[in-house]
Each structure stands twice: as C-alpha cells, then as structure tokens.
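Work through the exercises below with the sequence and the 3D structure open. Try each task before reading its solution.

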Amino acid sequence: MKGVVFTKFLEMVESSFGFDTVDTIIEASDLPSGGAYTAVGTYPHTEIVSLVSNLSKETGIEVPLLLKTFGAYLFKVLNSSYPTYAEGVTHPLDFLESVEQYIHVEVRKLYPDAELPNFKCKRVSANELEMIYTSARHFEDLCEGLVRGCLEEYGHKDAEITRESLPNDSEKFVIKI
Ligand code: HEM
C-alpha cells in the first residue's frame with residue numbers, strides 16, 4: 001500500500017488523539033517498516049490493519065468506524081492532491097463511476113505497484129449507483145468511508161449508502177442521493 005495512505009492515517013490520528021497515541025500504536029503494532037513512512041514508499045497493507053486494530057484497542061472505538069472515518073478523511077486528501085480528476089465533474093455519482101474507469105487507471109500509471117480494488121458499476125438512475133467492490137485486501141469499510149467523503153464533498157452528506165456481501169466475496173454498495 002502506498003505510503004501516502006499511512007502518512008495521512010498517522011496525521012489523522014495525531015490531530016484527533018495526539019502524538020502519544022501515534023507513538024503507542026506504532027510501538028504496539030511491531031511493524032516490519034518500523035513505522036517510518038514516506039509518501040512515495042510502498043508498505044505491506046497489513047501494517048494499516050495492525051495500526052487500526054491497535055488504535056481501536058487504545059481508544060475503544062470499533063475498527064469499522066475508524067476505517068470509515070479514515071476513508072472520508074482520505075478522500076478529501078486525495079481529492080485535493082489530485083484536483084484534475086474532479087475537474088468538470090458536477091455530480092457525485094459521476095465522480096464515483098469514474099474511479100474504476102479513469103481515476104484508478106491514472107493512479108496505476110503513476111504508481112505501477114499500487115494495489116487497487118476492482119469496481120463494477122451500474123447506474124440504476126440519475127440518483128442511484130450500484131458499485132460492486134472486489135479486493136483481496138477487503139477494505140470494505142475504508143471504501144464506504146471514501147464513498148461517504150465523496151458524497152460530503154459534493155454536498156450530499158445525507159445520501160444513503162447500503163451494503164450487501166455477495167457470495168463471490170465481493171461487496172455491493174448501493175448509493176442513493
Ligand atoms: C481523487 C480520487 C482518488 C484517488 C486519487 C485515489 C487513489 C488511490 C490510491 C493512491 C490508493 C492506494 C493504492 C495503494 O496503496 O497501493 C487507492 C486505494 C483505494 N481506493 Fe482510491 N482513489 C480515489 C478515490 C477513490 C474513491 C472515491 C473510492 C471509493 C469508491 C476509492 C476506493 C479505493 C479503495 C477501497 C482503496 C484501497 C485498496 C483496496 O481496497 O484494495 N478510491 N486509491
């Protein structure tokens with residue numbers, strides 16, 4: 001997983017819980033990298049799983065909620081780091097449909113070693129989108145957070161996101177605005 005995900009995660013933890021918590025979870029996670037991340041590096045995605053799990057132990061907040069909160073934060077960071085992807089996109093569901101077809105394609109060109117999920121999208125209507133998420137890393141909660149962050153960015157914070165696990169190990173998200 002790209003270092004930017006780790007640096008932004010630790011930045012969020014520091015601003016929400018303070019530097020001592022960052023230090024504690026890095027120590028507790030016994031990370032192969034030692035926790036010294038650079039934005040351009042690549043690290044095992046299991047390290048973020050350990051960090052989130054130790055943050056949960058430390059704060060008493062459940063892992064899924066931490067991942068969703070981080071996903072929404074990460075969306076805002078990514079969107080402002082790569083402003084061209086949103087250029088001319090006025091509808092949040094158009095933006096979400098473009099993640100598989102365009103954004104992650106461009107991300108893959110920039111970082112050939114990026115570990116990206118697969119999305120199959122179906123636009124049910126102007127205001128409803130189905131996204132089937134498949135990833136060996138199973139970041140469904142992070143994904144929900146990224147979707148939520150996108151909806152918030154477009155002023156649809158009350159939009160509805162429903163989820164269903166499919167028998168083939170994928171997760172169906174239905175987003176209605
Ligand atoms: C400006 C928009 C976006 C950019 C630039 C972007 C870029 C990236 C990057 C750099 C990664 C890390 C890859 C790695 O660690 O190797 C990533 C992962 C991921 N992205 Fe995006 N992304 C964007 C929007 C979204 C949105 C809106 C969603 C949800 C629909 C999404 C879903 C994911 C998920 C779930 C992962 C984690 C990897 C996995 O599940 O296998 N991304 N993205």
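**Exercise 1. Which residues does Asn 54 touch, and is Asn 54 buried or exposed?**

Step 1. Leaving out residues up to four places away in sequence, Asn 54 touches Ile 25, Ala 28 and Ser 29; contact means heavy atoms within 4.5 Å.

Step 2. Asn 54 is part of helix H3, residues 46–59. Helices (H or I, at least four residues) and strands (E, at least two) are DSSP runs, numbered from the N terminus.

Step 3. Asn 54 counts as buried because its relative accessibility is 12%. The cut-offs are under 20% relative accessible area for buried, over 50% for exposed and partly exposed in between, with a 1.4 Å probe and protein chains only.

A note on the model: it is predicted, local features need pLDDT of at least 70, side-chain atom pairs count only at pLDDT 80 or more, and totals for chains, interfaces and linings use all residues. Residues are numbered from 1 along each chain as its sequence is written, and side-chain values use heavy atoms, with hydrogens and water left out.

**Exercise 2. Locate Asp 30 and Asp 169 and state the sign of phi for each.**

Step 1. Asp 30 sits in the loop between helix H2 (19–29) and H3. Its phi is positive, about 50°, although Asp 30 is not a glycine.

Step 2. Asp 30 is exposed because its relative accessible area is 68%.

Step 3. Asp 169 belongs to the loop between strand S3 (160–165) and strand S4 (171–176). Phi of Asp 169 is also positive, near 75°, in a residue other than glycine.

**Exercise 3. Describe the surroundings of the ligand.**

Step 1. There are 26 residues around the ligand, and Lys 2, His 104, Glu 115, Tyr 133 and Ser 135 come nearest. A residue is near a molecule if one of its heavy atoms lies within 4 Å of it.

Step 2. Look at the side chains next. A polar side-chain atom of His 104 is 3.1 Å from a ligand nitrogen atom. For Tyr 133, an N or O atom of the side chain lies 2.6 Å from an oxygen atom of the ligand. For Ser 135, the distance from a side-chain N or O atom to a ligand oxygen atom is 2.6 Å.

Step 3. Helix H4 (63–81), helix H5 (92–110), strand S2 (128–134) and helix H6 (140–153) are the elements giving two or more residues to the shell around the ligand. H5 gives the most, with 6 residues.

Notes: A polar contact is a pair of N or O atoms within 3.5 Å; within protein, one must be able to donate a hydrogen and the other to accept it, and residues adjacent in sequence count only if both atoms are side-chain atoms.
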